[in-house]
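Colleague: Hi, have you got a minute to walk me through this model?

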Amino acid sequence: MSTPTPLTRRSALAVAAGAVSGSLLWPGSGRAQAQKPAELKVGITTFLSGPASVFGVPAKQTAEMLFDEINQAGGIGGVPVRALFVDEAPGTDHLVGEFRRLVQNEGVQVMFASISSGSCLACTPLSDELRKTTILWDCGTQRIFEEGRHPFAFRTQGYATPEVLAPLLYLLKTKPDFRTLAVINQDYAWGRDSWEIWKTAMDALKPGVRVVAELFPRLGAPDFSTEITRLLAARPDVIFSTFWGGDLVTLVRQAAERRLFERSTFVLPVAEASMQILGRTMPAGHIIGTRGDHWNNHPRPKDPARLARFVENYRRRFNEYPIYPCHHMYQAISAMQAAYAKAIAAKGGGWPNDQELAAAFRGLEFPTPTSTITLREDGQGLEDQIVGVSTFTERFPFAVPKDMIVFPAAMVSTPVGQKSVDWLKTLKPDLLAQVPAPIAG
Amino acid sequence: MAGWLEQNTLLLGLALLDGLAYAALVFMVAVGLNLVFGVLRIINIAHGSLFAIGAYTAASLGLFFAARGLPPWAGYVALVLAAALVGGILGPVIEAGLLRRIYGHEQVLQLLVTFALFMILEDAQKLIWGVQPVSSDAPLRLLGTVDVPFGEDVVPFTAYQLFVLPGVALATLAGLAWFLRRTLTGRVIVAVTTDREAATAMGIDARRVFLLTFTFGAGLAALGGALASPTTTLVPGIGAATIVLSFAVVATAGLGQIEGAAISALLIGIGRSAAVYLAPEFEVVVPYLIMVAVLLVRPQGLFGVVETRRV
Amino acid sequence: MRRGTEATLALLAAAGLLAAAWAAPWLKFVLTIALAKGIAVLGILLLLRAGQVSFGHALFLASGAYAVAFLAPAAPEALLLLPAAALLAGLLGLVVGLFVVRYRDIFFGMLNLAISMVLYSLLEKLYELTRGTDGIRVEPPRVAGFALTLETYVWAMLVLALVLAVGFGAFVRAYLGSPMGQALAGIKTRETRLEFMGVSARRVLLAAYVLSAVMGGVAGAIVGMTTRHVTPLLAYWTSSGELVFIAILGGAGGALGPFLGAAAYELVRVYAAASFADAWQAILGTVLLLVILFAPGGLWGVISGLLGRRAGRAA
């Protein structure tokens, strides 16, 4: 179903006959785009190969599906949209080159950057340099907006701090008596950062928990049986793990087979994307999250018809349920639609230039199937978090959460201008009193 | 203090069990690679892809059998069938269609041909099986778990991990040793490994030996993948990770050495497991450190034979 | 090939490259990376002359890039960072080289691979120091004391890479012609005879190894300053494979080969990725297979073959 994105003939000429006089070959660097273009090109970087393609390909499918729907409905401001995809897997040099090519040669109007935090950290400076609106559509690192200002970059979903803090608050609210804890995270930035966030917040909210094992196996390791043996022997009350993708599937299967789930309570903030593959293998009664509020069984979605339509269309076309990267892609596209509508209205029907488009994103409110997301003044989106306990229902052939708590985004996000770790240290146990009650069911 | 020591001795005992299972898997992949190198003198980078394809095929067959309502032991049939299919089809195709054309070429070209093949197979595998994790664990569930005592506690291990993996590895080792020493074809392979010129001068049909060996090696890689498939989850990229590890095993063993591959797989498997307990920071580096250390002392590997230098 | 022809070709190529970069701004970045990788591949070429394949040369490229990442905050000056990265990679090359030059053929290749994987694992593992897979941002340094606008900076990097490429290209050409270069070829054909003549093969190989490490470091420094973000992936074994790939694609016969190969590689990758985002890897693999089977001399072999035929006809 992939849409090939052939290079324009112009660039083919530029490459083939670089030595020939160039003035004809180059259209001018896309600054004079105040007129309505024939086509709205969107560059999307995502994983199309390697282990993280388990997220990247469903997100790409979502973009293709939604762009088709938008075009059938007349495009954005009457302009048809087209996606150009870039694979993140070959590494930063390739990614940065492609980002430049898409902006400078293809005349892309909006960039969607990256699943990997490393890719996002490489792309945001480019958005500053090329002055091109860049939506950080999935990466979670808190470093982006806490370590610098990026006037053209916006994140249309939550990020590491709320995604880890919400499951911790859920644990403290529902199982406050645990005394020992172990962590098993993938050995890379997300694994390390999420542990730092968890540990800092836990020490502030419930001091004195003993950490009996800190395990950081290699990303993509085929086997965690040694780590599981250690966890079985250490018998912690709680095991925290931000594993995702194939690694999470392997960990859950190996741990379930060896009855580790009977000894310890797991907290799995990124569980949702692996539930379909795990099916009945996922044990019930453990805390699961979805990097946001977009569960298939959301207890009270803002627009139930919209959520049902999206899930059904996706299932019909790709024969599987959408997972959280699909929802993040949906959010990014929804934000883009809302921002264009806002910018075109502000210009009295004219087509916005790069500055005007970016201005429309600041403070933008846009609808998602489950709620409304607001972009703060620093570019960070405020997305609610829903955490619950794994259970099985008639409706789905895989685990979904019950006893869900909806955490308002503002409650679990670091305030603008502060660094996450510093802010987490200031948390007080009375924060727990503000946590809403679980929604029974 | 005594309690601490006792606790750690017990833990290391557990690590040994994990290390054995891991070593068994590593051995299965490395031994095929080593066999192929011994005869063809080519380090096959695409060996990791054959491992991955074997694993995916086994999982697909296993899921297919389960969907047909066959009993769980059919999962084991799927493992063997997958190895035979991948080895029997891809092996001859690659050897006769590609490698045969480059035997006379420089070593770097031979290496790169298999690198190119690796790149092609990685994408082919993605086109066939997609990117979502695939798993089929019927063989593992069939046997259940065994409780290993740990002080006053018990630690459950899967029987598959404790018995099947080391068992198959041992059987493979014994079978290979018997095949190479006791059968005519096996002896021909050994003859070609030791001295190719002399062997061909004596009228051995090198083409046939090469074809046979490569098919066999490919089958072993696929069997390794098939055996790994019930314990792990298959995602794009597992081939790339596997192959570097088997390089380390092969170089540590000495090129072309079957028993050496077993010993060095044990060293590396147990070393890695022990590292998870003692120095988790170094877990990933351990195989390479062992390899470098061994080669410092024995430049031709643990069991390698010093080759005469050309004058 | 006559010396004059090669110099003319190099000049033409450099002019063509600048023209292409001027015509299509996005090419500046891709071509800078291609030049950098070409410099690293020059180093591989030296070792190939001795019949040795390093399947772990990304080690030096990555160490050059990380040297830039670590030193840039303290010394934000491209003309300081480059030699520092070269020196560091050279020292690393000396240490590793003392060990690996005792080995030949497949052991040489595999040892290099193993050592590069150790570095890769450490870059990933020492999270406090390296930020793991997130990698380290590199702020654009000054160039010769000037704080450039980003647009000029991109040009400066391209020109810098071009100058270094020409310099190292000429150097490698001269080196291969020198007695040290002849001795390298001796290792490939008749190593023992070389020793009878009183030449230490190890020392000859070590010199080449350290030089190739320096070139890898310089290449890494350019990559680091151009992409302005370094990640451990630079040291992964597939990156090393990529460098050997480029060497063969371009052809091991001459100093222009690596640059032809690198430019072709990067462009094929961009085009393959743009047209078939799901299968760019298979396309690169197919190109490599075709080159090895039908043009084992690489692109440079094809071009010099064509030129040679024309020269032959003219004569």
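Modeller: Sure, here is a short tour of chain B and its contacts with chain A. This is a predicted model, where local features need pLDDT of at least 70, side-chain atom pairs count only at pLDDT 80 or more, and totals for chains, interfaces and linings use all residues. Residues are numbered from 1 along each chain as its sequence is written, while chains are lettered from A and ligands numbered from 1 in the order in which they are written.

Colleague: How many helices and strands does chain B have?

Modeller: There are twelve helices and two strands in chain B. Helices (H or I, at least four residues) and strands (E, at least two) are DSSP runs, numbered from the N terminus. Their order from that end is α-α-α-α-α-β-β-α-α-α-α-α-α-α.

Colleague: And how much of chain B is buried?

Modeller: Of its 311 residues, 55% count as buried, meaning 20 or more other C-beta atoms, placed from the backbone, lie within 10 Å of the residue's own.

Colleague: Switching topic, how many residues of chain B are in contact with chain A?

Modeller: 34 residues of chain B are in contact with 29 residues of chain A; contact means C-beta atoms, placed from the backbone, within 7 Å.

Colleague: Which element gives the largest share of that side of chain B?

Modeller: That is H1(B), with six residues. Elements supplying at least two residues each include helix H1 (2-40), strand S1 (145-150) and strand S2 (153-158) of chain B.

Colleague: Which elements further along also supply at least two?

Modeller: Helix H10 (238-253) and helix H11 (258-278) of chain B.

Key:
Buried ≥ 20, exposed ≤ 12 C-beta atoms within 10 Å, placed from the backbone. Contact = placed C-beta atoms within 7 Å.
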